[in-house]
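Here's a quick briefing to read with the model open beside you. Grab a coffee and scroll along.

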Amino acid sequence: MEIKEEGASEEGQHFLPTPQANDAGDFQFTSIQKTPNEPQLEFILACKDLVAPVRDRKLNTLVQISVIHPAEQGLTRYSSTEIVEGTRDPLFLTGVTFPSEYPIYEETKIKLTVYDVKDKSHDTVRTSVLPERKDPLPEVGRSFLGYASFQVGELLKSKEQLLVLSLRTSDGGKVVGTIEVSIVKMGEIEDGEADHITADVQGQKCALVCECTAPESVNGKDNLPFLKAVLKNPVCKLYRFPTSDNKWMRIREQMSESILSFHIPKELISLHIKEDLCRNQELKELGELSPHWDNLRKNVLTHCDQMVNMYQDILTELSKETGSSFKSSSSKGEKTLEFVPVNLHLQRMHVHSPHLKDALYDVITVGAPAAHFQGFKNGGLRKLLHRFEMERRNTGYQFIYYSPENTAKAKEVLSNINQLQPLIATHADLLLNSASQHSPDSLKNSLKMLSEKTELFVHAFKDQLVRSALLALYTARPGGVLKKPPSPKNSTEESCPQDPPPLMKRQDSIPHHSDYDEEEWDRVWASVGKSLNCIIAMVDKLIERDGGGEGSDGGSKDGEKDPSLVDPIITHPREDWYEQLYPLILTLKDCMGEVVNRAKQSLTFVLLQELAYSLPQCLMLTLRRDIVFSQALAGLVCGFIIKLHTSLHDPGFLQQLHTVGLIVQYEGLLSTYSDEIGMLEDMAVGISDLKKVAFKIIEAKSNDVLPVITGRREHYVVEVKLPARMFEALPLQIKEGQLLHVCPVLFNVGINEQQTLAERFGDVSLQESINQENFELLKEYYMTFMEKMPPDYISHFQEQNDLKGLLENLHQNIQAKKRKNVEIMWLAATICRKLNGIRFTCCKSAKDRTSMSVTLEQCSILRDEHQLHKDFFIRALDCMRREGCRIENVLKNVKCRKYAFNMLQLMAFPKQYRPPEGTYGKADT
Ligand SMILES: O=P(O)(O)O[C@H]1[C@H](O)[C@@H](O)[C@H](O)[C@H](O)[C@@H]1OP(=O)(O)O
């Protein structure tokens with residue numbers, strides 16, 4: 001196949017192989033032997049003796065890597081190295097990696113084109129995406145030096161897995177130097193010293209100094225197939241950097257989307273619809289109300305029905321997005337995608353360095369959870385919720401004010417009732433079933449279950465709120481009359497040896513407030529307990545009469561009945577047991593029905609108060625909170641699953657998971673100025689709401705490994721599935737379904753020009769109070785961690801980490817109120833890593849500022865944990881920012897490889913957050 005000079009059909013790395021590329025058609029190509037879940041091919045490049053077109057001109061070179069798929073004609077530009085300045089023998093730190101999904105075969109050809117870059121500021125033009133079949137843009141700022149090509153099979157079969165190729169001019173004639181291609185394996189360290197390569201430009205040293213130890217191990221590698229079910233379209237980059245003792249370390253950067261971006265919102269919206277439909281039904285069943293309340297209810301119902309329709313429409317739209325796993329920054333404000341997090345990715349760094357264990361560092365990058373479609377004109381949730389609550393509190397004459405805690409309590413009791421009533425009914429039927437089978441053992445078991453659930457049921461109402469709500473509802477009935485549903489059908493008087501549950505007396509007169517019988521509720525409520533006691537007493541009696549419950553049929557071992565144990569009255573014990581218990585069970589169900597009826601109505605009345613105030617703002621606020629929460633939850637579930645899979649073999653982590661829970665640390669880079677104030681206010685509430693989430697790990701019974709969510713707005717349980725082999729290895733507590741909690745914390749430091757404005761002319765108090773409040777939460781988590789983890793673990797942990805010192809340092813930095821104090825973020829992230837937590841980095845779109853921050857974090861970890869040569873810090877940072885996963889992230893979002901910063905913005909950034917020349921500017925999408 002002829003290789004044409006620069007006839008590229010498309011630029012930029014393919015995240016997904018094109019259909020043609022994927023499908024080998026009728027051709028038979030030789031697959032590369034793969035190590036499961038490892039990239040298929042990784043190599044590094046170096047040039048020698050390059051000839052400069054103009055004598056005495058120093059060369060600044062880069063290599064562009066293009067692929068020619070065997071079934072295709074055209075070139076696909078795949079990736080580039082960084083620019084190495086001022087040498088004819090450049091050794092490139094950015095390597096090339098083909099992930100396992102990429103359609104590459106031994107017959108695939110790779111073309112390497114070497115360029116001399118004259119003007120770095122123009123260089124990004126080469127990598128903006130071109131429409132197919134369009135000629136590439138003229139190469140501004142660089143000139144072609146030479147090219148070489150090879151077939152993948154040649155490299156794989158070569159001696160020492162190294163090819164030395166001549167670089168030729170475009171006519172194929174003149175040799176202008178050589179290029180070395182050598183295969184690398186992550187686990188093998190390169191021979192040779194790394195002391196002859198270009199170091200950082202003087203004066204560019206990064207000032208950020210920190211301490212960090214105890215990296216995670218990479219033992220979760222074998223769990224990758226399972227992770228693949230949630231992670232999609234990985235982009236991989238490879239680097240080699242020198243260590244302080246002039247050895248090489250290898251770094252593989254990986255960035256993947258997650259189908260949870262869409263799956264979690266869909267699950268959550270379905271739950272909201274279920275919850276709201278149920279609430280609307282309960283409002284309808286509230287019974288007769290006086291005209292004032294009835295009108296309110298009608299109004300509320302109209303709005304609530306509209307809301308449910310809206311959620312249903314959103315769900316229908318989202319359901320059309322089958323298989324989607326990415327929402328781009330440019331879709332932030334799309335109504336139908338409101339619940340989906342923006343630009344959610346796993347950003348992973350795998351480090352293999354000499355003398356140290358391999359390590360993985362994960363950060364979830366995502367746009368700040370915020371309601372972009374609703375906008376930020378009136379601020380975000382933190383302010384809106386506060387204002388709403390204050391106004392509601394002060395507008396008492398039309399409504400009854402219940403605090404948010406009480407409203408939440410009402411929802412909780414309602415949810416408990418709805419769960420427990422059918423459960424109790426089932427256990428009651430099981431008891432009757434055992435009775436009809438005349439089986440004492442099973443009777444006892446059924447009774448035990450019934451008693452447990454009934455006790456929980458009775459306990460659920462032990463709250464003053466129910467009482468006060470009953471009175472409130474009583475006064476809202478026409479004329480203040482409490483219409484009572486019919487009293488229980490059966491009296492227990494004859495059958496129960498103890499006090500029978502009281503019967504309801506019909507009230508015939510129209511009572512006034514003073515007529516309200518406060519004790520009536522107590523009697524109704526207590527009747528459930530009493531009915532249960534009757535059943536217990538009856539079961540005891542039956543078993544006793546039947547022979548004390550020895551054996552299953554009350555008979556002696558030889559099958560003969562002991563005549564002394566047989567109650568003379570009971571002639572047909574099998575029928576009698578059932579008959580004796582049946583009326584008592586009916587009474588229990590009736591009493592329970594009565595309690596449920598009253599409690600449900602009264603608590604629904606509490607909810608009506610919240611809804612009735614300030615419609616439709618109240619519903620819009622709920623919608624906003626649901627949207628923000630959905631985005632936050634999608635990220636959290638993704639982070640949790642990844643963390644679980646990578647730390648499954650760490651007993652300390654598993655113990656921490658079920659005894660303390662996990663810290664989840666969010667780094668926010670939003671400015672406290674203009675719209676971003678609102679975003680930060682949304683984000684703060686969304687993250688804090690994650691406290692309402694608990695995880696439960698269950699065994700996967702099928703190939704469907706996607707998490708399932710249950711619960712309601714106040715409390716969600718996310719069931720995460722693990723294959724049997726992994727599930728078996730878990731601690732008993734986790735296997736038994738113990739709920740696993742998370743402790744979310746947010747630290748925000750605005751870094752751009754908007755923050756400069758906030759600091760000079762605006763207000764930074766939002767950021768200050770968020771950081772202060774979250775510091776307290778972090779400290780509390782640390783205390784629980786120290787208290788609950790075993791002493792031997794703690795003593796080892798303390799030897800390794802000075803968490804106390806780091807926390808103090810963080811506290812001082814928060815108190816110091818220094819401008820753009822990015823040390824806060826570094827300290828919070830370090831503490832999170834040391835505490836085995838889940839790390840998040842967010843800005844508005846998780847594209848530009850986030851990319852600066854995660855690359856800085858990665859290089860800082862390399863320097864502090866893996867002995868990255870200090871003179872190569874900036875070069876490593878530049879490599880990652882110029883050719884790493886994050887520039888691909890930008891491309892993926894806005895179809896252009898430029899961080900959206902202008903010079904003015906960059907001047908306002910802390911130095912370490914500025915990208916290299918040529919990688920930023922106006923995105924020409
Ligand atoms: O990923 P972000 O940092 O939120 O992207 C910002 C960028 O920082 C800023 O300089 C630019 O002016 C845009 O506002 C970017 O936001 P987009 O949401 O438009 O990508």
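The notes below go through a strand and its partners, a helix pair, a loop glycine and the ligand shell.

Keep in mind that this is a predicted model. A good place to start is strand β13, residues 248-258, where 11 of the 11 residues are buried, so the strand is largely enclosed by the rest of the structure. After that, have a look at how helices α7 and α8 pack, and at what surrounds the ligand.

**Strand β13 and its two faces**

- Trp248, Arg250, Arg252, Gln254, Ser256 and Ser258 point one way from β13.
- Met249, Ile251, Glu253, Met255 and Glu257 point the other way, and the residues on both sides are buried.

**Who β13 pairs with**

- Strand β12 (residues 231-242) runs antiparallel to β13, and 10 bridges join the two.
- One of the pairings to look up is leucine 231, whose bridge partner in β13 is serine 258.
- β12 and β13 form a hairpin with 5 residues between the strands, and asparagine 246 takes a positive phi there, near 55°.
- β13 is also joined to strand β14 (residues 345-352), again antiparallel, this time by 7 bridges.
- Here isoleucine 251 has valine 351 of β14 as its bridge partner, and Ile251 is among the buried residues of β13.

**Helices α7 and α8**

- Helix α7 covers residues 404-437 and helix α8 covers residues 440-460; their axes sit 8 Å apart, at an angle of about 160°.
- That angle is over 145°, the cut-off for this label, so α7 and α8 count as roughly antiparallel to each other.
- The crossing of α7 and α8 is left-handed.
- As for what makes up the contact of α7 with α8, the residues divide into 16 nonpolar, 7 polar and 1 charged.

**A glycine in a loop**

- Glycine 333 is in the loop between α5 (291-320) and β14.
- Is glycine 333 buried or exposed? Somewhere in between: it has 13 C-beta neighbours inside 10 Å, so glycine 333 counts as partly exposed.
- If you want a long ruler, glycine 333 and histidine 459 are 46 Å apart, C-alpha to C-alpha, with their positions 126 residues apart in sequence numbering.

**Around the ligand**

- The ligand is surrounded by Ser329, Cys843, Lys844, Ser845, Ala846, Lys847, Asp848, Arg849, Thr850, Ala900, Phe901 and Gln905.
- By type, the shell around the ligand splits into 4 nonpolar, 4 polar and 4 charged residues.

How values were computed
Residues numbered from 1 in each chain as written. Predicted model: local features only at pLDDT ≥ 70, side-chain atom pairs only at ≥ 80, totals over all residues. Near = placed C-beta within 6 Å. Nonpolar A, V, L, I, M, F, W, Y, C, P; charged D, E, K, R; others polar. Axes fitted to C-alpha atoms, helices over the stretch in contact; angles between N-to-C directions. Helix = DSSP H or I, 4+ residues; strand = E, 2+ residues; numbered from the N terminus. Parallel < 35°, antiparallel > 145°, perpendicular 65-115°, else oblique. Left-handed = near helix turned anticlockwise from the far one by under 90°. Buried ≥ 20, exposed ≤ 12 C-beta atoms within 10 Å, placed from the backbone. Pairing = 2+ DSSP bridges.
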